[in-house]
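Biologist: I'd like to learn how to read helix caps, buried faces and charge pairs in a model. Can we walk through one together?

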Amino acid sequence: MTDDAGGYQYHARRQKKDCLIFAHRGANTEAMENTRLAFDKALAYAIDGIETDVQLSRDEVAVLWHDEFLNKLGLADKHIDDFDYLELRSLNFPETNSEGFMTLQAFLDAYRTRCNLLIEVKNHDWEPASRHGIKIQKTLELIGQNSNQGIYVSSFNLESLIYAHHYKPAFSLIYNFEVAQTITDAQQVLAAQPFLHGLCLPIETLSRPMVDLLRTHNKCIAVYTCNSDEEINRALQLNVDILISDIPHKALMMRNT
């Protein structure tokens, strides 16, 4: 059900089958995370969506990578922005048949018509604020080249989302909560930033009062990262909108049965 603006209406009377299952960085237990191989393996399970992460190379090319450092490539003291894009392309990922960094553009071209997308912009505290703004601009502009329906943009950095809202107001923006943030924090954020499409909560803090609060505000509820039977069941029983899992095929099976 949609409202007049085309956004989703969230009602308390939902069923578990309404929950969308998103693969966390692709099927990352079966292939190197945030690679085409991981995404394709996830889509083989008929998942509803993919969650991925965006950072910028030194020359401001948006690429997919989660960690602060390039530790998974044996470069534990290096960041993404220590390298230009062509230099990053020379760094092959392990066990991917020479597959390397995927650009956000290539990701959108390959997957935006195949499933929903949740794109997290990784803006770090140690980066200059100007870098945060460039990363947001690049991400929104690439998404906005076509319809952004079915694409959500998230961040743990609330200031980045506020900037994104002013830059491109039509986007569905989701604020990622840390484990330490509480229902009181949620109340304050929702009151101060009503533009937010929803919150993405750690499964450790998901509760009935938090769900009721978000439903009262008609907001999307996403939850990360649900891997155990107990975690997946809790998210399903509380009727969240988006369940993010490293094991999407398990979450799909549990939702459908």
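**Reading caps and charge pairs**

Modeller: Sure, and keep in mind that this is a predicted model. Let's start at the N-terminal end of H5, which is capped by Asn157: one of its side-chain oxygens sits 3.2 Å from the backbone nitrogen of Glu159.

Biologist: Which residues of helix H5 are buried?

Modeller: H5 runs over residues 158-167, and its buried residues are Leu158, Ser160, Leu161, Ile162 and Ala164.

Biologist: And what covers the buried residues of H5?

Modeller: The cover includes two helices, H4 (129-143) and H6 (183-192), along with strands S5 (151-155) and S6 (172-176).

Biologist: OK, on to charges. What's the general idea?

Modeller: Side chains of opposite charge can pair when their charged atoms come close.

Biologist: How many salt bridges does the structure hold?

Modeller: There are 15 salt bridges. Take Arg58 and Asp84, whose side chains meet in one at 3.2 Å, N to O. This pair ties together distant parts of the chain, 26 residues apart: Arg58 belongs to the loop between strand S2 (49-56) and strand S3 (62-64), while Asp84 belongs to the loop between S3 and helix H2 (85-89).

Biologist: Why are Arg58 and Asp84 classed as partly exposed?

Modeller: The class covers what falls between 20% and 50% relative accessible area. Arg58 is partly exposed because its value is 41%, and Asp84 goes in that class because its value is 28%.

Biologist: What about the pair of Arg131 and Asp81: how far apart are the closest N and O atoms?

Modeller: They are 3.9 Å apart, and the two residues form a salt bridge. Here too, distant parts of the chain are linked: Arg131 is in helix H4 and Asp81 in the loop between S3 and H2, 50 residues apart.

Biologist: Are Arg131 and Asp81 buried or exposed?

Modeller: Both Arg131 and Asp81 are buried.

Biologist: Can you show me a pair that joins two helices?

Modeller: Try Lys250 and Asp229, a salt bridge with its closest N and O atoms 3.3 Å apart. Lys250 sits in helix H9 (residues 248-256) and Asp229 in helix H8 (residues 229-237), with their positions 21 residues apart in the chain. Lys250 counts as partly exposed because its relative accessibility is 23%; Asp229 is partly exposed as well, at 43%.

Biologist: Last one: which residues are linked in a network of salt bridges?

Modeller: Look for Arg25, Glu33, Asp53, Asp67 and Lys72, which salt bridges link into a network.

Note on methods
Residues are numbered from 1 along each chain as its sequence is written. This is a predicted model: local features need pLDDT of at least 70, side-chain atom pairs count only at pLDDT 80 or more; totals for chains, interfaces and linings use all residues. Side-chain values use heavy atoms; hydrogens and water are left out. Buried means under 20% relative accessible area, exposed over 50%, partly exposed in between (1.4 Å probe, protein chains only). Helices (H or I, at least four residues) and strands (E, at least two) are DSSP runs, numbered from the N terminus. Contact means heavy atoms within 4.5 Å. A polar contact is a pair of N or O atoms within 3.5 Å; within protein, one must be able to donate a hydrogen and the other to accept it, and residues adjacent in sequence count only if both atoms are side-chain atoms. A salt bridge is a side-chain nitrogen of Lys or Arg within 4 Å of a carboxyl oxygen of Asp or Glu.
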